[in-house]
Structures are given as structure tokens and as C-alpha cells.
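Let's take a walk through this one together, starting with the empty space and working outwards to the parts that surround it. Keep the viewer open as you read.

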Amino acid sequence: EHHRQNWDTHMGTKLTVAPENIKYLYDAVVNFIEMGFTCIHLNCVFEKGWELHHATLLYEQLKMLADYILEHNLFDKVFLSIFEERMFYKLPEEETGNWCGGNGEMLALDWKGDYYPCIRYMESSLGKDIAPLKIGNIHKGIGTVEEEQKIIDELKSITRQSQSTDECLNCPIGAGCAWCSGYNYQDSGSVNHRATYICVMHKARSLANAYFFNSAYLYYNIPKRFEINLPKEEAIKIINKFIETKFSNLEKHQRRINKI
């Protein structure tokens, strides 16, 4: 309330979803909305720990959020970054970019004057198990010694193809699947080896987005449809037999929209 009274009325915030807090996702987002936040960026962590039951829970939590937004007529009033129309399709071969700015585009500086490609490569982020990845110093400059230049060259060489498995490159919902170069380094010792623990959560997100947007298109009579590109057998693994009928309902929604 103090923010709205003294600054701009538009308020945004960030929410990070982890295995330990995913069951509170719906309550947390609704609380932010009721407090007046209209822009909420939220994403799942990239670290190891996600399992199939978390994906099911994410789908259920996002489905409840979708219903809340439509029931309260907030579709064009509140932005949740986890709902995105322009994602969840197979990326073309010419798409080579690195999702993450941790390839040197997010230069970070610590209290000692050392430069890092991103804050995620600092000791404070990596802990004691892996060495920080320094690329320079305020007194000497960036890439002035051979080892630092080798790191920079490797960061520049990263592409989607160089770090991804064939499964990722051929994924039917690859668009929008994110990764963190800094965590890649922590997980495998290489910035050029993509960690894929988030895979099952991206699949669940794709299903929740299909539910949200197809429901919204029907509710507002918008002549569009949101394609479900995730194979049905993969969807069933996530939403399980109890929610299997929900997938059928989404397909029915698509067929109705096709007739518009």
C-alpha cells in the first residue's frame, strides 16, 4: 500500500519455485495478486531434485491459478510469466542461441574486484565444492591471462546445439525450456553441458498453459487455439490416471475451437 501511495501503481515481483515450496505456489501467487502485484515473474529452479510427482503438482497448482485468473476477470490485467502463448513447440535447427546470459552477458564483480561471467559463478553461489570461474580483475582487466581467455572463448562458443542432447534438440515443446550456464558448470564442471533436471517441469508447464489459454479463448470467445504438442503418453505420466480426463477435456476444447 505504501508503494502504491508513493510511487507507481504498477508493482512487480519474482517468485522462484522449488520442490520444497511448490505446494504453496497457488496460495503465494494469489496473495501477491490480492496485495496489488500485477506482474509476477516465476519459474522453477534448474537444480537437481525434480521428480514426476512435482510435475503433477505443478500442473494442478497452475490449473487452479488459471481458474482463479479467469474467474476474477484478470486475463488481461495480471501478467504471470509462467503462462506464455509463444512457447512449447519444436525449435528450428537455425535456432542456435544460448538461453542464459551466463555466457558473459551478465558480467558480475565481487568485493575483491574479481570479474565473473555471472553472479552464479561466484563462491557465494557455488559453495566450496567447485572452484569459482573468474575471468578478470579490475586492476588487470578481463581475459588478460591465458586461463581467463580460455574460459571466455569457451563461453563464446556455447550454442544450443553444442550443449544439448539429441532428446532436447528434437523435443516437440523445446521452445521456452530454459537452462542456467552457471548451474551447468556447477553440475558437470562444464558450461557447455546442459543440465536437464527441469525437463519434466517444462512438460507440466506446457500442459498447464494449454489448459489456461484454451480456457481463456473459450471464455472470451477468441477464435484461437493453443496447440498441445506434448505427446499424450508423456502427458499421462504427469497428470496421472486421476487427471487423465482433464487431458481429454483439453482435446475437446481444441476441437470446439477448430470449429470457430
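A quick definition before anything else: on a 1 Å grid over the protein atoms alone, a cavity is a set of points where a 1.4 Å probe fits but cannot get out, and its volume is the space filled by probe spheres set on those points. Bear in mind, too, that this is a predicted model.

With that in hand, how many cavities of 30 Å³ or more does a search of the whole structure find? The search turns up one. The largest cavity holds about 30 Å³ of space. Its walls are made by Phe88, Ile173, Ser206, Leu207, Phe226, Glu227, Ile228, Asn229 and Leu230. Sorted by class, that lining comes to six nonpolar, two polar and one charged residues.

Now zoom out for the general layout. The protein chain has 11 helices and seven strands. Of its 260 residues, 48% count as buried. If you take the contacts between residues at least 6 apart in sequence, 68% of them join residues at least 24 apart.

Leu207, which you met in the cavity wall, also takes part in a helix packing. Helix H9 (residues 199-219) packs against helix H10 (residues 232-239) at an angle of about 100°, and their axes are 10 Å apart. Angles of 65 to 115 degrees count as roughly perpendicular, and the two helices are therefore roughly perpendicular to each other. On the H9 side the meeting residues are Val200, Lys203, Ala204 and Leu207, while H10 brings Glu234, Ala235, Ile238 and Ile239. That contact is made of six nonpolar, no polar and two charged residues.

Between H9 and H10 runs a loop, and Asn221 sits in it. Have a look at its backbone: Asn221 has a positive phi of about 55° although it is not a glycine. Is Asn221 buried or exposed? At 61% relative accessibility, Asn221 counts as exposed. There's another residue to put beside it. Asn73 also has a positive phi of about 55° without being a glycine, and its place is in the loop between helix H3 (52-71) and strand E3 (79-80). Asn73 is partly exposed, with a relative accessible area of 37%.

On to the open spaces. The largest pocket contains about 410 Å³ of space. It is lined by 22 residues, and those nearest its centre are Leu42, Asn43, Trp99, Ala178 and Arg205. Which elements give two or more residues to this lining? They are strand E2 (39-44) and H9. E2 provides the largest share, four residues. By class, the lining splits into 14 nonpolar, five polar and three charged residues.

The second largest pocket has a volume of about 290 Å³. It is lined by 20 residues, with Glu167, Cys168, Cys171, Cys199 and Lys203 closest to its centre. Helix H7 (166-169) and H9 each supply at least two lining residues, and H9 gives the most, with three. Here the classes come out as 11 nonpolar, four polar and five charged. Lys203 is worth a second click, as this residue of H9 also meets H10 in the packing described above.

Next, find helix H8 (residues 181-188). Ser181, Gly182, Tyr183, Asn184 and Tyr185 are buried there. What do the buried residues of H8 pack against? Their partners are helix H4 (123-126) and helix H6 (160-163). Just after H8 comes Gly189, which takes a positive phi of about 90°.

One last stop is Lys140, in the loop between strand E6 (136-137) and strand E7 (141-142). Setting aside its neighbours within four places in sequence, Lys140 is in contact with Val145 and Glu148. You can also check its distance to Gly113: the two are 27 residues apart in sequence and 9.9 Å apart in space, C-alpha to C-alpha.

Methods
Residues numbered from 1 in each chain as written. Predicted model: local features only at pLDDT ≥ 70, side-chain atom pairs only at ≥ 80, totals over all residues. Heavy atoms only, no water. Axes fitted to C-alpha atoms, helices over the stretch in contact; angles between N-to-C directions. Parallel < 35°, antiparallel > 145°, perpendicular 65-115°, else oblique. Contact = heavy atoms within 4.5 Å. Nonpolar A, V, L, I, M, F, W, Y, C, P; charged D, E, K, R; others polar. 1 Å grid on protein atoms, 1.4 Å probe; cavity = no way out; pocket = protein on both sides within 12 Å on 5 of 7 lines; lining within 4 Å. Buried < 20%, exposed > 50% of the residue type's maximum accessible area, 1.4 Å probe, protein only.
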